[in-house]
Amino acid sequence: MMNEAIRSLEPHALWNCFADLNAVPRPSKKEERVKAFVSHFAQRHGLECWEDSGGNVIIKKAATANQKEAAPVILQAHLDMVHKAADGLSFDFENQGIEMWIDEGWVRARGTTLGADNGIGVAAILAVLASKDLVHPPLEVLLTTDEEQGMSGALRLQAGVLRGKTLLNLDSEEDDTFTIGCAGGIDTQVTWHYAESREARGALMEIRIAGLRGGHSGLCIHEGRGNAIKLMARVLAACDECVAALSEMSGGSARNAIPACCTARVVVRDEAAFTTAFASVAREISEEFRASEPELKITAQHVSPVKDDAATTLKAGDQRALIQAMLAVVDGVCRMSAEVPGLVETSSNFSLIRLGGGSVEGFGLQRSSVESGKHAVAAAFAAPFHLLGAEVRHEGSYPGWRPAADSAILRRMQRVYHDLFGQAAHVSACHAGLECGVIARSYPDLDMISFGPDIEEAHSENERTRIASVQKFWTLLTALLADLA
């Protein structure tokens, strides 16, 4: 019932589509149900719809009456969403729909990501497809899959499928900004095997770093937010003399999110010395991040004494080598753009780590608007792990989107925006990975632009979208389509 309040918001058509969409689980790489939902939606409205060889859904809608000679326009968004629940909340993303509520002018979810990224864009497209009175040119809709986990849907898009020469990407997150460029990215995966030991004796303690803001590893990387994995490395290094052995570690929730939480289980040989060292480093880190991470909590609690064969751990030499690699790995902003003031050019995010049972799995995402910079920072991320003797793989590379300041669709949107709202929109590039650069590989002549409503804290359980901004976004989209007709 809580989602019924969402359906009463304006514009009704968009919010009802968003409520329907958010009732359908749509994790990356498992979009079968949401693709079926979208296909059924198209069939109900008598629209041509099919799935291409890349797993993307394509829908066509004829122009409104007297607009049949207009050039077709491509509307594009992605179907999947990042799944992140608040620490301690049990939520089955593969079977449960998102529970939404209204919070003082914003729509949020109950303890999970909202899916406004990119669900609002998808909902807007569905509302346009269902409309009977909106004026628009011929429409080609491209709903891609797996954007959040590597853009594989866009990467597999074949040339020749789409006829339009103008593409509107509805995946930006500021309603007064038009995005005309973005960073490319590459995933770095690390696997390291170690010989397990059962020799450690002492108290089994669980160290926990939680309460960090997390968030989008592209859009938020310049804000100095804490990375829970990197902070855990600092804690373990500071307590090295009194920690006998590391048994387990788990940190991060998604490849493209800044880790908000990390836990480690360690065998402690000297509890008194550990308590002193831990309190000192926890206090030091908390003071360091008091302005940017006010909810940060660094705790350690006793789990149980370690009995014979009760815990498998790393050997001392392997443990120190791993912690040193974690300390050394590049994370955060690496270079600012010399061409676009205030734009992050190159960054790295240590996204995930899982340790236990004789192996370590790590994951990082490197981004850059300069192709050579992307590969250079990926190599820098990999270097400490290479020295450790780990297997390192670089996968899922996708290109950036080079800004085109002379874009015809940009000029048209600037005029429409000014006519509607009486002021000029900002024009910028972003450090997030948009699919425009990937799509341009198959369609190099496309004139593209990205825009959307205000969405804050995407990729975190605090994700929210401003209600008035969604109305503004809808007003702009529908006015632009009428202008293009």
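**Exercise 1. Glutamate 140 and its partner**

Glutamate 140 is buried in this predicted model, with a relative accessible area of 2%. Find which residue forms a salt bridge with glutamate 140, and work out where the two sit along the chain.

*Solution.* Start with the charge: side chains of opposite charge can pair when their charged atoms come close. Here the partner is lysine 60, with the closest N and O atoms 3.6 Å apart, which is within the 4 Å cut-off for a salt bridge. Next, place the pair: glutamate 140 lies in strand E6 and lysine 60 in strand E2 (residues 57-61), 80 residues apart, so distant parts of the chain are linked. Finally, lysine 60 is partly exposed, at 23% relative accessibility.

**Exercise 2. A bridge between two loops**

Aspartate 146 and lysine 29 meet through their side chains in a salt bridge. Decide whether each residue is buried or exposed.

*Solution.* First check the contact, which is 2.9 Å from N to O. Then locate the ends: aspartate 146 belongs to the loop between strand E6 (139-144) and helix H5 (152-155), while lysine 29 belongs to the loop between helix H2 (12-22) and helix H3 (32-44), 117 residues apart. Now apply the cut-offs, under 20% for buried and over 50% for exposed. Aspartate 146, at 3%, is therefore buried, and lysine 29, at 51%, is therefore exposed.

**Exercise 3. Beyond the single pair**

How many salt bridges does the model hold, and which residues join Asp175 in a network?

*Solution.* The count is 29 salt bridges. Asp175 shares its salt-bridge network with Asp454, Arg466 and Lys472.

Terms used: Residues are numbered from 1 along each chain as its sequence is written. This is a predicted model: local features need pLDDT of at least 70, side-chain atom pairs count only at pLDDT 80 or more; totals for chains, interfaces and linings use all residues. Side-chain values use heavy atoms; hydrogens and water are left out. Helices (H or I, at least four residues) and strands (E, at least two) are DSSP runs, numbered from the N terminus. Buried means under 20% relative accessible area, exposed over 50%, partly exposed in between (1.4 Å probe, protein chains only).
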